[in-house]
Amino acid sequence: METFAHSKTATTIDSIVQVVSFKINGEEYGVDILKVQEINRTMDVTRVPNSKDHIDGVINLRGKVIPVIDLRTLFGFQRIEHDHNTRIIVVELSDKVVGFVVDQVLKVLSIPQSVIEDTPPMLGNTQTEYIRNVAKFEERLIILLDPEKLLHEEFSVAADAVI
């Protein structure tokens, strides 16, 4: 099992934001490193009857049962078979621990605050409310996600239902 851990220090130092970057459907995304508890290879997921399509099910992570959400499906992309690059990013949100399935984890990036911009207003709809910002970093765009918004009330209820 591949594990990633971090210290609980501030995410911004001298206007630098640290994010874990990953790919979904060929696009690069990032999430604040302080929200990430660990990163694991895929493991056996137990399906939960009558759960929504984007909820893969639950996993047993060191004795704790946590829900797993497939971000590819949640974002409206076609579901694909997991491969050797697929990872589960385990995030801690308030009092919940949730796993997010992504196509590939890239690395931890230190992004200057000056290259991070607000999400363009035309993108601000219900399908993209989980986007916090967009970073123009090293000649590419990185969509910075807000994991709390990924689990807005609808998903929190679903997550509660599988625990």
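Six strands make up an open sheet with mixed pairing, in the order 8-1-2-11-10-9. A strand here is a DSSP run of E at least two residues long, numbered from the N terminus, and two strands pair if DSSP finds at least two bridges between them. The model is predicted, so local features need pLDDT of at least 70 and side-chain atom pairs count only at pLDDT 80 or more, while totals for chains, interfaces and linings use all residues. Residues are numbered from 1 along each chain as its sequence is written, and side-chain values use heavy atoms, leaving out hydrogens and water.

In this sheet of six, strand 8 (104–112) and strand 9 (116–118) are at the edges. Each has a single partner strand, so one side of each lacks a neighbour in the sheet. Neighbouring strands are turned by 35° against each other on average, direction ignored; the axes behind such angles are lines fitted to C-alpha atoms, and angles run from 0 to 180 degrees between N-to-C directions.

Strands of a sheet pair through backbone hydrogen bonds, either parallel or antiparallel. Strand 9 pairs with strand 10 (residues 131–137) in the antiparallel sense, over three bridges. Within strand 10, Ala135 is the bridge partner of Ile116.

Another open sheet has five strands, ordered 3-6-7-5-4, and its pairing is mixed. Strand 3 (36–41) and strand 4 (55–61) are its edge strands, each pairing on one side only. From one strand to the next, the twist averages 30°.

Inside this sheet of five, strand 6 (residues 87–93) and strand 7 (residues 96–102) run antiparallel and are joined by seven bridges. Opposite Leu93 stands Lys96 in strand 7.

Key
Helix = DSSP H or I, 4+ residues; strand = E, 2+ residues; numbered from the N terminus.
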